[in-house]
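Here are some notes for your read-through. They take the sheet and its packing before turning to the ligand.

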Amino acid sequence: MSLGLSRGKKLITEGYGIELSDLPGYDVDDPESSRIDPRKWFQDYERHFEIEIGSGKGTFLVQQAGLQRDVNYLGIEKAGEFYRYAADRMRRRELENVRILRADATEFIRFRCPPGVTQVIHLYFSDPWPKKRHHKRRVIQDESLRQFHRVLTSGGELRLVTDHDDLWAWYEDHAARHGDLFERRVFVAPDSAEDGELVGTNYERKFTHEGRPFHAMVLKKT
Ligand SMILES: C[S@@+](CC[C@H](N)C(=O)[O-])C[C@H]1O[C@@H](n2cnc3c(N)ncnc32)[C@H](O)[C@@H]1O
């Protein structure tokens, strides 16, 4: 375990963190029966349900879940250290409406999620992968947009914020090419954002200090 984020404190994920090894295995011969409904991970599973991809330290999730107690939030974070940090934070706040899964979100959504499970997908300050040969690692791709459309409920939203001009151009290009799947809308800040913030994630606060401008859009499922 790295001591960087935890500063030597033991991070406890129990009750809040979910690992792929906790889930039933994926059956390559029967992909449809390998689907898992993440809403069932919550006690009150019929609530409005939202997913955040790449939650980092979990700042948005704990702020928003603390305010909207009648909405269930699932973060999906692939980096173990951030996953553990965020899960421990949720546990310390005793939030019963938020959980975090350690996984590659695009793979989990594509191969494991059933259709129409989530009202919102949040993607904030996603890694820009600036080199052309790394563009295929960006979360937003033609295939991931088709999959996000599949798992969103009717009228559901994909919410995107970035500081990175080239990634923003990539989002605009993908949004324009998939106008059959999504309609572009103006981004409205969530209740948990502070004055002048778009969302209030860790990266947003860090970049605000550096004076960087941000870009934001909502893609609403048609
Ligand atoms: C630049 S950080 C932003 C963190 C947070 N959203 C914020 O604004 O402070 C991007 C995060 O996304 C995670 N990430 C990148 N690709 C991912 C994927 N495919 N699935 C899940 N997490 C991912 C990274 O591990 C990292 O924690």
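**Notes on the predicted model**

1. Start inside the sheet. Glu-52 has His-122 of S5 as its bridge partner. This is a predicted model, so treat each pairing below as computed from predicted coordinates.

2. Which residue of S5 stands opposite Ile-51? Ile-121 does. These pairs belong to the junction of strand S2 (residues 48-53) and strand S5 (residues 118-124). The two strands run parallel, and four bridges join them.

3. Now take the other neighbour, S6. His-122 stands opposite Arg-159 in S6. Six bridges join S5 to S6, and this pair is parallel. Strands of a sheet pair through backbone hydrogen bonds, either parallel or antiparallel.

4. How buried is S5? Five of its seven residues are buried, which leaves the strand mostly covered.

5. Step back to the whole sheet. It is open and has eight strands, in the order S1-S4-S3-S2-S5-S6-S8-S7. The pairing is mixed. At the edges lie strand S1 (17-19) and strand S7 (182-185), each paired on one side only. From one strand to the next, the twist averages 20°.

6. Helix H4 (residues 142-151) packs on this sheet. It touches S5, strand S6 (152-162), S7 and strand S8 (215-221). The direction of H4 makes about 135° with that of S6. S5, H4 and S6 together form a β-α-β unit, and the unit is right-handed.

7. Helix H1 (residues 59-67) deserves its own check. Its buried residues are Thr-59, Phe-60, Leu-61, Val-62, Gln-64 and Ala-65. What do they pack against? The partners are S2, S3, helix H2 (80-92), strand S4 (98-102), S5 and H6. An α-helix has 3.6 residues a turn, so residues three or four places apart point the same way.

8. On to the ligand. It is surrounded by 21 residues, and the closest are Gly-54, Gly-56, Phe-125, Thr-201 and Tyr-203. Three elements give two or more residues to this shell: strand S3 (71-77), helix H3 (105-112) and helix H6 (202-209). Which of them gives the largest share? H6 does, with three residues.

9. What is the make-up of the shell by class? There are nine nonpolar, seven polar and five charged residues around the ligand.

10. One link to follow on screen is H6. This helix gives the largest share of the ligand shell, and the buried residues of H1 pack against H6 as well as against S2 and S5.

Methods: Residues are numbered from 1 along each chain as its sequence is written. This is a predicted model: local features need pLDDT of at least 70, side-chain atom pairs count only at pLDDT 80 or more; totals for chains, interfaces and linings use all residues. A residue is near a molecule or strand if its C-beta atom, placed from the backbone, lies within 6 Å of it. Ala, Val, Leu, Ile, Met, Phe, Trp, Tyr, Cys and Pro count as nonpolar, Asp, Glu, Lys and Arg as charged, and the others, Gly among them, as polar. Two strands pair if DSSP finds at least two bridges between them. Axes are lines fitted to C-alpha atoms, for helices over the stretch in contact, and angles run from 0 to 180 degrees between N-to-C directions. Two residues are in contact if their C-beta atoms, placed from the backbone, lie within 7 Å. A residue is buried if 20 or more other C-beta atoms lie within 10 Å of its own, exposed if 12 or fewer, and partly exposed in between; C-beta atoms are placed from the backbone. A crossover is right-handed if, with the strands pointing away from the viewer, the path from the first strand over the helix to the second runs clockwise.
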